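Student: Please pick a single part of this structure and take me through it closely. I am new to it, so explain each term as you go.

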Amino acid sequence: FYKNSDLRFIFKKLDEGSSDGNNTVMFVGGCVRKYLLNQNIDDIDIATTLTIDEVKERLKDTKIKILDTGVKHGTITLISKKSKLEITTLRKDINTDGRHAEIVYTDNWKEDSNRRDITINAIYLDIKGKIYDFQNGVEHLKKNIVKFIGNPSKRIQEDYLRIIRFLRFAIQYDSITDIDTINALKLNLDGVKTLSKERIL
């Protein structure tokens, strides 16, 4: 999927002016997971070291349409002739309350991976097809292991929606859940009551 001409064009434009040799933009999340499993890719997320303003500047004279879908979270949507994708600036959490996170932007890919929920959703892929896996997600994907990144209780308390997300993935991948994670899910179950019906749906 990453050989799509529209995607290659977007990545090329976003890479212009970046001379340090490091990746400016990579695919992440569900599209990478599905690519590794040879599944149909219906949703493309990309992460970038660029700010929203920098992304807009680099794409301003192109035919790429830009929608301000989640600016306060560092996310915008890019629409081309063949593709629609969400692009989000790399982040790390400073403070969380179970629903919202106070974040700062970063240019460190591992720090960005540390704030994601489960290992199989924290695999990055560059435009050349090279995998970057800071959380052992590829191995877990091969073995149908659904696992929180870091301490399960801490990860859940950052955002109680992660309880529902975890259960969805655990069922989807028929994963056997370790006892520490089961206990963390049980202990934090009341947190789901703090979420809006829209988020739960």
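Tutor: Contact here means heavy atoms within 4.5 Å. The model is predicted, so local features need pLDDT of at least 70 and side-chain atom pairs count only at pLDDT 80 or more, while totals for chains, interfaces and linings use all residues. Residues are numbered from 1 along each chain as its sequence is written, and side-chain values use heavy atoms, leaving out hydrogens and water.

The part to look at is helix 1, residues 5-15. Helices (H or I, at least four residues) and strands (E, at least two) are DSSP runs numbered from the N terminus.

Start at the beginning of the helix. Asn4 caps the N-terminal end of helix 1. A side-chain oxygen of Asn4 lies 2.7 Å from the backbone nitrogen of Asp6. At the other end, Gly17 comes just after helix 1 and takes a positive phi of about 90°.

Next, the side that is covered. Asp6, Leu7, Ile10, Phe11, Lys13 and Leu14 of helix 1 are buried, that is, under 20% relative accessible area with a 1.4 Å probe, protein chains only. These buried residues lie on the same side of helix 1, because they cover an arc of only 160° around the axis; the arc is taken from the directions from the axis to the C-beta atoms. An α-helix has 3.6 residues a turn, so residues three or four places apart point the same way.

What covers the buried residues of helix 1? The cover includes strand 1, strand 2, strand 4 and strand 5, and also helix 3 (52-58).

Those strands belong to an open sheet of seven strands, in the order 3-4-5-2-1-8-9 and with mixed pairing. Strands pair if DSSP finds at least two bridges between them. Strand 3 (65-70) and strand 9 (131-133) are the edge strands, each pairing on one side only. From one strand to the next the twist averages 35°. Strand 1 (residues 25-28) and strand 2 (residues 44-48) run antiparallel, joined by four bridges. Within that pair, Val25 stands opposite Thr48 of strand 2.

Helix 1 packs on this sheet, touching strand 1, strand 2, strand 4 (75-79) and strand 5 (84-89). The direction of helix 1 makes about 140° with that of strand 1. Such angles run from 0 to 180 degrees between N-to-C directions, with axes fitted to C-alpha atoms, for helices over the stretch in contact.

To put the picture together: Asn4 caps the N-terminal end of helix 1, the buried residues share one side of the helix, and the helix packs on the sheet.

Terms used: Buried < 20%, exposed > 50% of the residue type's maximum accessible area, 1.4 Å probe, protein only. Polar contact = N/O pair within 3.5 Å; in protein donor to acceptor, adjacent residues only side chain to side chain.
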